[in-house]
Amino acid sequence: MARRFRYDVALVSALKDLEEDIMEGLRIRGLDDSTCTSGFTVVIKESCDGMGDVSEKHGFGPAVPEKAVRFSFTIMSISVRAEDEEDAVTIFQEQKPNSELSCRPLCLMFVDESDHETLTAILGPVVAERKAMKESRLILSVGGLLRSFRFFFRGTGYDEKMVREMEGLEASGSTYVCTLCDSTRSEASHNMVLHSITRSHTENLERYEIWRTNPFSESADELRDRVKGVSAKPFMETQPTLD
């Protein structure tokens with residue numbers, strides 16, 4: 001069971017809530033709001049995490065699984081590049097980006113965060129909507145004028161367990177310790193510096209196909225060493241950026 005908003009509708013609602021902040025930011029920066037109708041850039045921080053045991057101990061209604069997961073987002077900043085200007089100017093910055101008050105739930109679901117298949121089924125449409133918005137612009141009336149917004153999504157609100165789940169990697173007890181490279185725990189313990197970021201969504205998909213088809217007829221250990229921790233089909237590409 002899950003309940004969710006459509007991603008674009010949720011973003012419209014969030015921006016309308018910030019309408020006064022956007023107009024105030026334009027005034028503080030000395031920008032003529034009538035000329036700032038395009039060039040708005042919005043940075044979104046996505047978060048997804050388990051909410052622990054939420055089972056109902058008594059009462060009526062349908063039986064539910066014991067775990068719940070929440071997918072949410074936070075508007076981190078809004079900037080605008082005025083006409084004839086090269087650099088963008090930040091007109092809104094979230095002062096408490098890790099606060100519950102700035103975190104907007106997008107999807108609530110009864111599911112264990114380790115249930116890869118169910119998470120894939122529920123969040124698949126969310127990923128598709130996000131991808132569509134990456135490649136388009138939102139036209140929204142703010143301050144009485146239609147303005148054009150572009151969105152950049154940063155998956156910095158996932159903990160290691162959720163990153164592994166979404167990228168189709170082995171769980172946190174895996175021999176392969178890093179979600180961004182192919183180092184094992186023993187290699188990482190001897191070398192803390194010379195790691196390179198080699199993980200990519202496309203490469204994980206290719207490794208999953210090798211895991212699924214085993215084209216070289218290898219043993220389980222040989223196959224596992226070849227795919228280096230990929231154990232399921234990844235369904236969400238996470239951005240390796242620091243919060």
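Which residues does UniProt list for "domain: V(D)J recombination-activating protein 1 pre-RNase H"? The unreviewed UniProt entry gives residues 1-38 for this feature, and in the model shown here, which is predicted, that span can be described directly: its end C-alpha atoms lie 39 Å apart, and it is 55% helix and 8% strand.

Within this part of the chain, helix α1 covers residues 7-17, and its buried residues are Tyr7, Ala10, Leu11, Ala14 and Leu15. These residues cover an arc of only 135 degrees around the axis, which puts them on the same side of α1. The spacing fits a general rule, since an α-helix has 3.6 residues a turn, so residues three or four places apart point the same way. One of the buried residues in α1 is Ala14, whose relative accessible area is 0%. Leaving aside neighbours within four places in sequence, Ala14 is in contact with Phe73, Ile75 and Arg104, while its C-alpha atom is separated by 19 Å from that of Val127, a residue 113 places away along the chain.

Looking at the chain as a whole, the domain assignment gives domain 1 (2-158) and domain 2 (159-237). The contact between them takes 14 residues from domain 1 and 13 residues from domain 2, and their C-alpha centres lie 29 Å apart.

The largest nonpolar core has 45 residues, and those with the most contacts inside it are Tyr7, Phe71, Ile75, Ile78 and Leu123. Domain 1 and domain 2 both give residues to this core, so the core lies between them. Phe71 illustrates the range of partners that one of these residues can have: beyond its neighbours within four places in sequence, Phe71 is in contact with residues including Tyr7, Pro105, Leu106, Met109, Leu123, Val126 and Met236.

Another contact partner of Phe71 is Glu46, which is placed in strand β2 (residues 40-53). Although its side chain takes part in a polar contact, Glu46 is buried, with a relative accessible area of 0%. The partner in that polar contact is the side chain of Tyr158, at 2.9 Å. Not counting residues up to four places away in sequence, Glu46 also touches Tyr7, Phe71, Ser72, Phe73 and Arg130, among others, together with residues including Phe153, Arg154, Gly155, Thr156 and Gly157. Tyr7 of helix α1 is thus listed among the contacts of Phe71 and among those of Glu46, and Tyr158 likewise appears in the list for Phe71 and in that for Glu46.

Key
Residues numbered from 1 in each chain as written. Predicted model: local features only at pLDDT ≥ 70, side-chain atom pairs only at ≥ 80, totals over all residues. Heavy atoms only, no water. Buried < 20%, exposed > 50% of the residue type's maximum accessible area, 1.4 Å probe, protein only. Helix = DSSP H or I, 4+ residues; strand = E, 2+ residues; numbered from the N terminus. Arc of directions from axis to C-beta. UniProt positions renumbered as here; feature names shortened; annotations may be inferred. Core = buried A, V, L, I, M, F, W, Y, C linked by side-chain atoms within 4.5 Å. Domains from an automatic or database assignment. Contact = heavy atoms within 4.5 Å. Polar contact = N/O pair within 3.5 Å; in protein donor to acceptor, adjacent residues only side chain to side chain.
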